[in-house]
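Dear colleague,

I am handing over the structure we spoke about, and below it you will find notes on what turned up when I went through it. Please read them with the model open beside you.

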Amino acid sequence: MRKLLVFLILLLVLAGILDRVAVAGVQREIATRATARYDLAAPPEVTILGIPFLTQAIAGRYDEVKVDVGKLNVGGAQVSGVDATLYGVTAPLSDLLFHPERVDIRAERVVGAVVIPETTLNQRAPRGIKVQAGESGLGVSGEITFLGQQVPAKATLRVEVIEGGLRFVPEKVTLGGGITVPDPERFITYKLPIGKLPFNLKITDVRPVSGGLQITAEAADVPLRG
């Protein structure tokens with residue numbers, strides 16, 4: 001009886017070790033494929049959730065996979081990071097073991113969060129205008145040039161999702177010195193181009209946060225094979 005108990009304990013320990021070794025291997029494979037497929041500068045950090053892992057591996061389907069891409073330049077816009085969650089990732093275990101070069105790894109759905117820092121917002125803002133981001137919204141302050149004169153201006157910004165990026169439209173424009181300027185919005189409105197995001201993500205929501213702008217994006221039926 002004692003020998004049987006020791007054997008079962010050793011078996012459980014071995015299973016646990018195999019579980020962790022296997023998950024590390026699949027995480028590395030997903031990172032490698034994602035890097036090649038989406039031309040990433042460096043392999044992302046991949047974490048497969050769910051324990052035990054081997055039951056998911058045998059089924060060839062992983063319910064939830066976290067991917068941290070890190071800092072990224074997308075179409076000239078520097079972002080502080082892309083955090084994505086991949087749902088329903090299919091990767092048949094037999095293919096991973098015997099045919100890794102042709103295995104079709106894909107996710108049923110991907111939800112991602114991208115943060116554009118204030119520095120990027122200010123790089124694209126009109127000259128003389130500074131953007132401040134906070135939980136309450138986006139604001140701008142500075143000076144606009146009108147008929148050769150520098151006119152102090154303040155405004156809040158509305159963010160619109162457009163083809164190829166974002167557009168910032170001023171609201172509640174306030175000018176200093178009592179100077180009246182026709183259509184002051186035209187001096188402050190600007191666009192921020194955003195290139196193709198990893199995992200074919202499409203922007204679904206934008207909201208200001210402390211120190212920047214948080215973008216939520218989603219995609220469906222996303223291939224990971226390079």
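**Strand 1 and the six-stranded sheet**

In strand 2, the residue that serves as bridge partner of Ile48 is Val65. Before going further I should say that this is a predicted model, and that everything below should be read with that in mind.

The bridge just named belongs to the pairing of strand 1 (residues 45-48) with strand 2 (residues 61-68), which runs in the antiparallel sense over 4 bridges. Strand 1 has two distinct faces, a covered one made by Val46 and Ile48 and an uncovered one made by Glu45 and Thr47. In general terms, the side chains of a regular strand alternate between the two faces of the sheet. Both strands are part of an open sheet of 6 strands in the order 1-2-5-6-13-12, with antiparallel pairing. At its edges lie strand 1 and strand 12 (202-209), each of which pairs on one side only, and the twist from one strand to the next averages 15°.

**The five-stranded sheet**

There is also an open sheet of 5 strands, which has the order 7-8-9-10-11 and again antiparallel pairing. Its edge strands are strand 7 (129-134) and strand 11 (190-193), each pairing on one side only, while the twist here averages 30° from one strand to the next. Strand 7 and strand 8 (residues 137-146) pair in the antiparallel sense over 6 bridges, and within strand 8 it is Gly142 that acts as bridge partner of Ile129.

**An aromatic pair**

A search of the whole structure finds 1 aromatic pair. The ring centres of Phe168 and Tyr190 are 4.8 Å apart and the planes are at 20°, and because planes under 30 degrees apart count as stacked, so does this pair. Phe168 lies in strand 10 (residues 165-175) and Tyr190 in strand 11, so the pair ties together parts that are 22 residues apart in sequence. Both Phe168 and Tyr190 are buried.

**The nonpolar core**

Phe168 appears again in the largest nonpolar core, which has 58 residues and in which the residues with the most contacts are Leu86, Ile116, Leu121, Phe168, Ile194 and Phe199. The largest share of this core, 5 residues, comes from strand 13 (residues 212-223). As general background, nonpolar side chains tend to be buried together in soluble globular proteins. Leaving aside neighbours within four places in sequence, Ile116 is in contact with a set of residues that includes Leu121 and Ile194, and also Gln78, Val79, Leu166, Leu192, Gly211, Gly212, Leu213 and Ile215.

**Thr35 in helix 1**

Is Thr35, in particular, buried or exposed? Its relative accessibility is 16%, and since buried means under 20%, Thr35 counts as buried. Thr35 has its place in helix 1 (residues 2-37), and, not counting residues up to four places away in sequence, Thr35 touches Leu40, Ala42, Pro43 and Pro44.

**The chain as a whole**

The secondary structure of the protein chain comes to 4 helices and 13 strands, and buried residues make up 38% of its 226 residues. Among the contacts in the protein chain with a separation of 6 or more, 53% are accounted for by residues 24 or more positions apart. The protein chain exposes about 12600 Å², of which carbon and sulfur atoms supply 56%.

With best wishes

Definitions and conventions
Residues are numbered from 1 along each chain as its sequence is written. This is a predicted model: local features need pLDDT of at least 70, side-chain atom pairs count only at pLDDT 80 or more; totals for chains, interfaces and linings use all residues. Side-chain values use heavy atoms; hydrogens and water are left out. Two strands pair if DSSP finds at least two bridges between them. Axes are lines fitted to C-alpha atoms, for helices over the stretch in contact, and angles run from 0 to 180 degrees between N-to-C directions. Rings of Phe, Tyr and Trp (its six-membered ring) pair if their centres lie within 6.5 Å; planes under 30 degrees apart count as stacked, over 60 as edge-to-face and the rest as tilted. Buried means under 20% relative accessible area, exposed over 50%, partly exposed in between (1.4 Å probe, protein chains only). A nonpolar core is a set of buried Ala, Val, Leu, Ile, Met, Phe, Trp, Tyr and Cys residues joined through side-chain atoms within 4.5 Å. Contact means heavy atoms within 4.5 Å. Accessible areas come from the Shrake-Rupley method with a 1.4 Å probe; for residues, only the protein chains shown count as cover.
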